[in-house]
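Reader: I should be grateful for a close look at one part of the model below, set in the context of the whole.

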Amino acid sequence: VRTKLVGPVGGTMLVEHPAFDPGREFRDVQLSGPFAHWQHTHRFLPGDEARSALEDHVEYRLPLGPLGKLFGGGMVER
């Protein structure tokens, strides 16, 4: 799946969905894009009869080591 990025950097991120458990969770893993590492897990948590909750867990590593953190860390964390 190609995703167009917004913000000061822009560009495109190519991700795959290697894990899919219907009704429970799925995961996006970056194949190419701006991050040195990107993994995003979406979990669907049961609620009552009318509701559920979505929990997102993102693991990432910026490129360029300390320089990437210095120049892009604040923007990415927001």
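Leaving aside its neighbours within four places in sequence, with which residues is Gln 39 in contact?

Author: Some conventions come before the answer. The model is predicted, so local features need pLDDT of at least 70 and side-chain atom pairs count only at pLDDT 80 or more, while totals for chains, interfaces and linings use all residues. Residues are numbered from 1 along each chain as its sequence is written, and side-chain values use heavy atoms, with hydrogens and water left out.

Once neighbours within four places in sequence are set aside, Gln 39 is in contact with Arg 27, Asp 28, Val 29, His 57, Val 58 and Glu 59. Contact here means heavy atoms within 4.5 Å. One of these partners, Val 29, is ten residues away from Gln 39 in sequence, with 4.6 Å between the two C-alpha atoms.

The setting of Gln 39 is strand E4, which spans residues 37-46. Helices (H or I, at least four residues) and strands (E, at least two) are DSSP runs, numbered from the N terminus. The protein has one helix and five strands, and the order of elements from the N terminus is β-β-β-β-β-α.

The five strands make up an open sheet in the order E1-E2-E3-E4-E5, with antiparallel pairing; two strands pair if DSSP finds at least two bridges between them. At the edges are strand E1 (2-4) and strand E5 (52-61), each of which pairs on one side only. On average, neighbouring strands of this sheet are turned by 25° against each other, direction ignored. For such angles, axes are lines fitted to C-alpha atoms, for helices over the stretch in contact, and values run from 0 to 180 degrees between N-to-C directions.

E4 has a partner on either side in this order. With E5, the antiparallel pairing extends over ten bridges, and Thr 41 has His 57 as its bridge partner in E5. With E3, E4 is joined by five bridges, again antiparallel, and Phe 26 stands opposite His 42 in E4. The hairpin of E3 and E4 has four residues between the strands, and in its turn Gly 33 has a positive phi of about 155°.

Beyond E3, the sheet continues with strand E2 (residues 12-21). E2 and strand E3 (residues 25-32) are paired in the antiparallel sense over six bridges. Across this pair, Asp 21 stands opposite Glu 25, and Glu 16 stands opposite Val 29, the residue named above as a contact of Gln 39. Three residues separate the strands in the E2 and E3 hairpin, where Gly 23 takes a positive phi near 80°. E1 and E2 are joined in the antiparallel sense over three bridges, with Lys 4 opposite Thr 12 in E2.

Gln 39 may next be set beside His 40, which is also found in strand E4. In a regular strand the side chains alternate between the two faces of the sheet. Buried means under 20% relative accessible area and exposed over 50%, with partly exposed in between (1.4 Å probe, protein chains only). Gln 39 is therefore partly exposed, at a relative accessible area of 22%, whereas His 40 counts as buried because its value is 14%. With neighbours within four places left out, the contacts of His 40 are Phe 26, Arg 27, Asp 28, Asp 56, His 57 and Val 58.

The side chain of His 40 also takes part in polar contacts. Such a contact is a pair of N or O atoms within 3.5 Å; within protein, one must be able to donate a hydrogen and the other to accept it, and residues adjacent in sequence count only if both atoms are side-chain atoms. One, of 3.1 Å, joins His 40 to the side chain of Asp 56; another, of 3.5 Å, joins His 40 to the side chain of His 42.

Close by in sequence, Phe 35 and Trp 38 are both buried. Rings of Phe, Tyr and Trp (its six-membered ring) pair if their centres lie within 6.5 Å; planes under 30 degrees apart count as stacked, over 60 as edge-to-face and the rest as tilted. The count by this rule is three aromatic pairs. The pair of Phe 35 and Trp 38 is tilted because its planes lie at 35°, with ring centres 5.0 Å apart. Ring pairs link these two residues and Tyr 60 into a cluster.

For the protein as a whole, 19% of the 78 residues count as buried.
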